[in-house]
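Work through the exercises below with the sequence and coordinates open beside you. Each task sentence is followed by a solution that proceeds step by step.

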Amino acid sequence: MKDTIYRSHVLICTGTGCVSSGSKEIKHELQDQLAEKDLLNEIKIVETGCHGFCEKGPIMVIYPEGVFYCQIKEEDVAEIVDEHLLKGRIVDRLLFKEPMTEESIPSYKDIDFYKKQHRIALANCGKINPESIEEYIANNGYEAAGRALTEMSPQKIIEEVKNSGLRGRGGGGFPTGLKWQFASDNESDKKYVICNADEGDPGAFMDRSILEGDPHRIIEGMLISGYAIGADEGYVYVRAEYPLAIERLEKAINEAEELGLLGEDIFGSGFNFKLHIKKGAGAFVCGEETALMASIEGRRGMPNPRPPYPAEKGLWGKPTNINNVETYANIPYIINEGSEVFSSIGTENSKGTKVFALTGKIKNTGLVEVPMGTTLREVVFEIGGGLTEDKKYKAIQTGGPSGGCIPEEYLDLPIDYDSLVDVGAMMGSGGMVVMDESTCMVDVARFFLSFTQNESCGKCTPCREGTKRMLEILNRICDGEGKEGDIKLLLELGEHIKATSLCGLGQTAPNPVLSTIKYFRNEYEAHINDNKCPAGVCQELAAGYTINENTCVGCGQCVKVCPVDAITKGDGNYYVIDSEVCISCGACEKKCPVDAISQG
Amino acid sequence: MKSLEELRELREKVEKDMEMRKEINKPKIIIGMGTCGIAAGAREILKAVMEEIDKRDLDVEVTQTGCIGMCEKEPLMDVKLPGKDRITYGNLTKEDVKRIIVNHVINGNVVDELVIARLEE
């Protein structure tokens with residue numbers, strides 16, 4: 001018997017895997033299709049065993065070409081027969097794609113989010129296990145402390161930190177080396193070092209992430225600082241709202257004690273150092289250093305006038321050095337790499353890098369560490385990936401409730417301590433809240449002021465009473481009851497509060513209001529003079545919504561989302577909004593599938 | 001810790017320990033367990049990983065790490081196969097974990113749709 005010569009063989013996998021994903025049905029369909037086209041004498045169907053590639057089943061291989069199709073569905077069969085078997089054209093979309101090889105995956109350093117970053121404080125975050133001191137040590141951890149304690153004099157360390165140009169990362173931007181020098185120069189039988197981890201700015205979370213991701217770096221930084229100023233005891237003041245940071249730090253301190261990296265005669269240098277954690281109760285003002293120390297001492301967290309500065313009379317009246325988490329995180333790098341390497345990064349008066357917490361209307365929410373002098377545009381559009389929904393940039397708020405809003409015209413501003421102050425904002429701890437065109441700047445100012453007003457400790461009158469009066473005015477403006485002269489009054493109050501408050505909280509609390517008036521005065525004026533909120537945020541002022549009856553398809557989805565039942569059926573196949581009832585929430589506009597609803 | 005030499009000896013030892021871990025060909029799964037990761041569901045991911053490892057009786061080391069900055073893409077999970085670069089996956093669900101374990105950890109094929117980046121040694 002003469003074998004039929006087939007021009008093509010179609011192999012269908014009928015292993016268990018492919019059968020369960022439908023290869024039997026495909027075989028039947030193929031048979032039907034071939035019969036219909038009268039191809040059964042030309043093309044042979046072969047059932048095969050498992051290809052071992054069940055993930056991509058059902059699988060079909062067609063010879064003589066050896067084409068490998070995968071994840072075929074019944075409806076694909078007709079296309080394969082028409083295109084491949086009749087016309088000889090391979091069906092690209094069903095072809096097997098090679099799994100990604102490692103080489104084709106972009107490296108961290110090549111993806112936009114990391115390309116412009118320079119990680120010093122965050123170097124280990126996300127890379128090592130924070131609960132393993134061995135991993136920290138394997139990454140050169142405690143080398144800086146070891147060298148500092150055994151090979152460097154305290155004064156030499158202070159000189160290195162001074163030469164590095166490192167400035168306080170908590171917001172003030174005071175030169176760290178100078179601070180250490182003051183604390184070192186004050187003779188005393190007892191001194192302290194404190195790490196300020198009372199991170200309270202809305203939108204800032206870099207300190208928490210460092211403590212959670214690399215706690216040993218902070219311990220090492222504090223150890224070096226203690227040795228440099230002659231302190232044998234330290235406190236980390238961390239807010240109780242950060243339970244994971246506290247847990248990891250506790251564990252890290254225990255591990256360091258077990259290895260003798262904390263305790264007595266560290267590295268055989270004769271230097272002793274112990275570290276405690278003090279949990280803060282969440283008052284924003286306790287981030288202010290004198291209030292923070294009062295809180296550690298067990299007193300109510302309220303600021304005291306300076307001088308005396310902590311370097312002179314700090315914790316329990318003893319000379320104390322107090323730095324922020326990120327500041328300490330830079331110290332091991334400076335000792336290991338040298339002050340010259342550190343000071344080669346950044347701008348003339350702001351050296352090194354700064355960590356920013358990117359939040360708000362931005363695509364890549366997250367933590368970024370960039371060299372000082374990087375522009376806002378690079379941070380927002382290159383690293384941050386631009387605004388969500390590609391909306392228009394309006395402003396960026398830096399420095400938390402103490403900072404200000406920076407408008408579009410300053411997007412190319414290189415970020416450093418001084419440039420931000422020049423435009424009425426500040427570095428602060430590094431929170432960056434991005435705002436788009438749908439943000440009302442008066443409302444933003446009101447939000448930040450209500451935060452500081454709430455957190456005002458009440459000790460001094462300008463802050464306690466002044467912020468309250470300012471907030472009342474802002475509330476009035478947002479409610480459509482703004483009066484002529486309100487802007488002038490806000491400016492006057494703001495300047496007075498800044499000039500006469502006792503601590504940093506009051507001295508900076510008016511900043512969000514002052515900077516929004518400076519750059520977005522027209523929005524204030526629109527609220528007061530025209531009774532309009534240009535962004536449509538302030539509900540009392542927002543124009544009501546209307547439905548275009550020609551566009552409306554009468555689907556009725558808007559009716560379901562309206563919270564006040566303002567929408568009813570019109571005379572035809574469309575709906576109408578009762579402007580008396582409408583509260584301008586905008587829920588219907590978002591829901592409408594044909595964009596028939598608009599404001600005004 | 002009585003001297004700098006002691007620290008350096010310890011470092012060499014732990015570095016060697018880590019080398020050794022590579023040599024015994026143990027894959028490593030690292031889960032981003034910062035607050036951002038946990039808020040995005042990292043604990044569920046960790047549980048799913050442990051379940052898969054248990055179910056398939058795998059010899060895999062599971063550790064955690066802190067925030068790497070890409071909070072937007074949490075939960076994040078890294079897979080490090082012996083002698084290979086560390087691969088980061090993001091925006092994960094419990095179902096994704098199964099796929100990554102079957103395809104990448106067991107069979108060595110990177111799951112391309114979920115991949116974010118590669119961390120070179």
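The exercises that follow concern a predicted model, and they take up confidence, chain B, two helices of chain A and a surface patch.

**Exercise 1. State which confidence values the predictor gives for the complex and what chain B averages in pLDDT.**

Step 1: for the complex, the predictor gives an ipTM of 0.75 and a pTM of 0.80.
Step 2: for chain B, the average pLDDT is 88, and 93% of the residues score at least 70.
Step 3: as a caution in reading any such model, predicted coordinates should not be read in detail where pLDDT is low.

**Exercise 2. Describe the make-up of chain B, giving how many helices and strands there are and what its C-alpha trace spans.**

Step 1: chain B contains four helices and five strands, and, read along the sequence, these follow the pattern α-β-α-α-β-β-β-α-β.
Step 2: the C-alpha trace of chain B spans about 50 × 30 × 25 Å along its principal axes.
Step 3: of the 121 residues in chain B, 54% are buried.

**Exercise 3. Check whether the length of helix H10 of chain A agrees or disagrees with the span expected at 1.5 Å a residue.**

Step 1: helix H10 of chain A has 15 residues, 215-229.
Step 2: the expected span is 1.5 Å times one less than the number of residues, so for H10(A) it should be 21 Å.
Step 3: the end C-alpha atoms of H10(A) are 22 Å apart, which agrees with that expectation.
Step 4: as to its surroundings, H10(A) is mostly covered, with 15 of its 15 residues buried, and A:Gly230, whose phi is positive, near 85 degrees, follows the helix.

**Exercise 4. Examine both ends of helix H13 of chain A, and decide whether the helix is mostly covered or mostly uncovered.**

Step 1: at the N-terminal end, A:Asn324 caps H13(A) through a side-chain oxygen that lies 2.7 Å from the backbone nitrogen of A:Glu326.
Step 2: H13(A), residues 325-337, is mostly covered, since 11 of its 13 residues are buried; among them are A:Glu326, A:Asn330, A:Pro332 and A:Tyr333.
Step 3: after the helix comes A:Gly338, whose phi is positive, near 95 degrees.

**Exercise 5. Explain why A:Phe174 is classed as partly exposed, and identify which residues make the nonpolar surface patch.**

Step 1: A:Phe174 lies in the loop between helix H7 (154-164) and helix H8 (176-185) of chain A.
Step 2: buried means under 20% relative accessible area and exposed means over 50%; because the value for A:Phe174 is 38%, this residue is partly exposed.
Step 3: together with A:Leu178 and A:Phe182, A:Phe174 makes a nonpolar surface patch of about 260 Å².

How values were computed: Residues numbered from 1 in each chain as written. Chains lettered and ligands numbered in written order. Predicted model: local features only at pLDDT ≥ 70, side-chain atom pairs only at ≥ 80, totals over all residues. Heavy atoms only, no water. Patch = residues over 30% accessible without salt bridge, like charges linked within 9 Å, V, L, I, M, F, W, Y side chains within 5 Å. Areas by Shrake-Rupley, 256 points an atom, 1.4 Å probe, with all protein chains shown as cover. Salt bridge = Lys/Arg side-chain N within 4 Å of Asp/Glu carboxyl O. Helix = DSSP H or I, 4+ residues; strand = E, 2+ residues; numbered from the N terminus. Buried < 20%, exposed > 50% of the residue type's maximum accessible area, 1.4 Å probe, protein only. Polar contact = N/O pair within 3.5 Å; in protein donor to acceptor, adjacent residues only side chain to side chain. pLDDT = per-residue confidence, 0-100.
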